[in-house]
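Q: Hi! I've just opened this one and would love to talk it through with you. Here it is.

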Amino acid sequence: MIDARGFSCPMPMAMVQKEVKKNAPAELVVLVDDKCAVENVSRFGKNSGYEVTVAQEGTDYRLTLKK
């Protein structure tokens, strides 16, 4: 899990890219609180072959990337 709450883009994207490149997880949960990060991480996940689901939890978002 990556907790990127409190960071604005491009930091959440960099954190996700690093994790995907390093470990190529079958599933990755990312927590963000920035709408721009939701859009960018979702796009990156889809372009990297992941199915992306987004759930809003108050002001936070939980993105789940699954292969």
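Q: What radius of gyration does the protein chain have, and what would a compact globule with 67 residues have?
A: The protein chain has 10 Å, which agrees with the value near 11 Å for a compact globule of 67 residues. The radius is taken over C-alpha atoms, and the globule rule is 2.2 Å times the number of residues to the power 0.38. Along its principal axes, the C-alpha trace spans about 30 × 20 × 20 Å.

Q: Before we go on, what sort of model is this?
A: It's a predicted model: local features need pLDDT of at least 70, side-chain atom pairs count only at pLDDT 80 or more, and totals for chains, interfaces and linings use all residues. Residues are numbered from 1 along each chain as its sequence is written, and side-chain values use heavy atoms, with hydrogens and water left out.

Q: Thanks! In what order do the elements run from the N terminus?
A: They go β-α-β-α-β-β, with 2 helices and 4 strands in the protein chain. Both kinds are DSSP runs numbered from the N terminus: helices are H or I with at least four residues, strands are E with at least two.

Q: And how is the sheet ordered?
A: The 4 strands form an open, mixed sheet in the order E1-E2-E4-E3. Strand E1 (2–3) and strand E3 (51–57) are the edges, each pairing on one side only. Two strands pair if DSSP finds at least two bridges between them.

Q: How many bridges does E4 make with E3 and E2, and which way do the pairs run?
A: E3 and strand E4 (residues 60–66) are antiparallel and joined by 7 bridges, while 6 bridges link E2 to E4, also antiparallel. Val 54 stands opposite Leu 63 in E4, and Val 32 stands opposite Tyr 61 in E4.

Q: What about the hairpin of E3 and E4?
A: There are 2 residues between the strands, and Gly 58 takes a positive phi near 70 degrees.

Q: Is E4 largely enclosed or open?
A: E4 is largely enclosed by the rest of the structure, because 5 of its 7 residues are buried. Buried means under 20% relative accessible area, exposed over 50%, and partly exposed in between (1.4 Å probe, protein chains only). Across the protein chain, buried residues make up 39% of the 67.

Q: Let me pick Thr 64: buried or exposed, and what does it contact?
A: Thr 64, in strand E4, is buried at 13% relative accessible area. Leaving aside neighbours within four places in sequence, its contacts (heavy atoms within 4.5 Å) are Glu 27, Leu 28, Val 29, Glu 51, Val 52 and Thr 53.

Q: Switching to helices, which strands do H1 and H2 lie across?
A: Helix H1 (residues 11–23) lies across E1 and strand E2 (27–32), at about 165 degrees to E2. Helix H2 (residues 35–47) lies across E2, E3 and E4, running at about 5 degrees to E4. Axes are lines fitted to C-alpha atoms, for helices over the stretch in contact, and angles run from 0 to 180 degrees between N-to-C directions.

Q: Last topic: how many disulfides does the structure hold?
A: There are 0 disulfides, a disulfide being a pair of cysteine sulfur atoms within 2.5 Å. Cys 9 is in none, and its nearest cysteine sulfur, that of Cys 36, is 4.1 Å away.

Q: Are those two buried or exposed?
A: Somewhere in between: Cys 9 is partly exposed at 23% relative accessible area, and Cys 36 is partly exposed at 35%.
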